[in-house]
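Trainee: I'd like to learn how each label on a model like this is earned. Can we go through it residue by residue, with the cut-offs in hand?

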Protein chains: 2
Amino acid sequence: MSLAPWRSILARALHRNRSLPYARYVQLATVRPNGKPANRTIVFRGFLNDMNQLKFVSDNRSEKPKQIEYCPWAEVCWYFPNTHEQFRIAGKLSLIDRTNPDESLQKARKLIWQELSESARTQFAWAHPGQPRAASETFSPPAPSQSDPLEQFCLLLLDPVEVDHLELRGEPQNRHQYHLEEDTWKIEEVNP
Amino acid sequence: MSLAPWRSILARALHRNRSLPYARYVQLATVRPNGKPANRTIVFRGFLNDMNQLKFVSDNRSEKPKQIEYCPWAEVCWYFPNTHEQFRIAGKLSLIDRTNPDESLQKARKLIWQELSESARTQFAWAHPGQPRAASETFSPPAPSQSDPLEQFCLLLLDPVEVDHLELRGEPQNRHQYHLEEDTWKIEEVNP
């Protein structure tokens, strides 16, 4: 598998929007076990081994694991305010938790933990997300180990199979769709 | 039905982020007829009759109508960069097209058309979205009537039943969930 053709386009968008920290925030849509959609903001954490899979982090106690088990398909919507462009990235999610037997993925899980800020790491030691509000002291736990991830910490990977890139600033606008077909990315120019 | 308690909180977020035009852009997640999620940026156009239903516009030729027919449930993810807060708004979508027999909704459909900018209206006269790229002259059609919507123009309404409000700037963070139960909104404070 080689670098996907949309990777350089996305890299350019990231570069041109680097003045905005929230240009690395994306919206991740999944499907709930009751068949209804879910949608939340998560932080893009780079590409796995600098290839095509997008890295995120997740807490095993959140709703995502149950949703991914029910339906591993997801669509990320990524809007870049400075350049007025949108990427819709559809693919399959993999949640790498502490029980995953793949050594290289465990290494990646550990590395991304180490790269987090201390405050981001500490959030994984907070009281159970989504449960009735706990006492305030449960949100000031001691900082967890910098080297070894807490057990609820997961690496979340998105392996894209379709990317829809819309440039609102084009004349009139430009839109390209990338589809993965048997290890080859096909590009099509479509109407916005 | 009275004004939902999250309406004033959302109004405050809109006010505090009014310097950013894209603070009115939200990500709408729906489910495709194949069961996979879809996610795209759309522009918030206010509330229907200043009550609880969110207004958007849509093109009948886009993928949304088929998705809404398959599953009317949606979740909007709305991130406000200035105030570091997120609203997740889940509810049922209604697509008001030109055949809808409800007179007051047709009036709302016409009104929102009239409130659009000329360039926004003209986009509904462009070549079929998502089809292979058409000749460039099809993207410079004459401006459509300002008073009467083109037939592919739809008003899209989201009728919320759950709102999840996360304030990342809290100490540590604040998160409130609003659920609609038999015409009454219940509020619960939960862990972030």
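## Labels and their reasons

Trainee: What makes B:D50 count as buried or exposed?

Mentor: Count its neighbours: B:D50 has 9 other C-beta atoms within 10 Å. A residue is buried with 20 or more other C-beta atoms within 10 Å of its own, exposed with 12 or fewer, and partly exposed in between, with C-beta atoms placed from the backbone. So B:D50, with 9, is exposed.

Mentor: Before we go on, this is a predicted model, where local features need pLDDT of at least 70 and side-chain atom pairs count only at pLDDT 80 or more, while totals for chains, interfaces and linings use all residues. Residues are numbered from 1 along each chain as its sequence is written, and chains are lettered from A and ligands numbered from 1 in the order in which they are written.

Trainee: How confident is the predictor in chain A?

Mentor: Chain A averages a pLDDT of 97, and 100% of its residues score at least 70. That score is the predictor's confidence in each residue, from 0 to 100. For the complex, the predictor gives an ipTM of 0.97 and a pTM of 0.98.

Trainee: Back to B:D50, then. Where is it found?

Mentor: B:D50 sits in the loop between β2 and β3 (54-59) of chain B. Strands are DSSP runs of E, at least two residues, and helices are runs of H or I, at least four, numbered from the N terminus. B:D50 also has a positive phi of about 55 degrees, although it is not a glycine.

Trainee: What about A:E182: how is its label decided?

Mentor: A:E182 has 5 C-beta neighbours inside 10 Å, so it counts as exposed. A:E182 lies in the loop between β7 (174-181) and β8 (184-189) of chain A. Its phi is near 45 degrees, again a positive value in a residue other than glycine.

Trainee: Why is B:N82 called partly exposed?

Mentor: Because B:N82 has 13 other C-beta atoms within 10 Å, a count that falls in between the two limits. B:N82 is in the loop between β4 and β5 of chain B. Leaving out residues up to four places away in sequence, B:N82 touches B:R16, B:N17, B:S19 and B:L20. Touching, or contact, means that the C-beta atoms, placed from the backbone, lie within 7 Å.

Trainee: And B:I89, is that one buried or exposed?

Mentor: B:I89 is buried, with 24 other C-beta atoms within 10 Å. B:I89 belongs to strand β5 of chain B. Beyond four places in sequence, its contacts include B:V76, B:W78 and B:L158. B:W78, counted likewise, is in contact with B:V26, B:Q86, B:F87 and B:I89.

Trainee: Which residues touch the most other members of the largest nonpolar core?

Mentor: A:V76, A:W78, B:V76 and B:W78 do, in a core of 73 residues. A nonpolar core is a set of buried Ala, Val, Leu, Ile, Met, Phe, Trp, Tyr and Cys residues joined through C-beta atoms within 7 Å. Nonpolar side chains tend to be buried together in soluble globular proteins.

Trainee: How do you know whether the radius of gyration of chain A agrees with a compact globule?

Mentor: Over C-alpha atoms, the globule rule is 2.2 Å times the number of residues to the power 0.38. For 192 residues a compact globule would be near 16 Å; chain A has 18 Å, which agrees. Chain A has four helices and eight strands, and buried residues make up 33% of its 192 residues.

Trainee: What relates chain B to chain A?

Mentor: A turn of 180 degrees with a shift of 0.0 Å along the axis lays chain B on chain A with an RMSD of 0.0 Å. That is the relation of a two-fold axis. The fit is by least squares on the C-alpha atoms of residues with pLDDT of at least 70 in both copies.

Trainee: How many residues does each chain give to the contact?

Mentor: Chain B gives 39 residues and chain A gives 39 residues. On the side of chain B that touches chain A, β4(B) gives the most, with six residues.

Terms used:
Contact = placed C-beta atoms within 7 Å.
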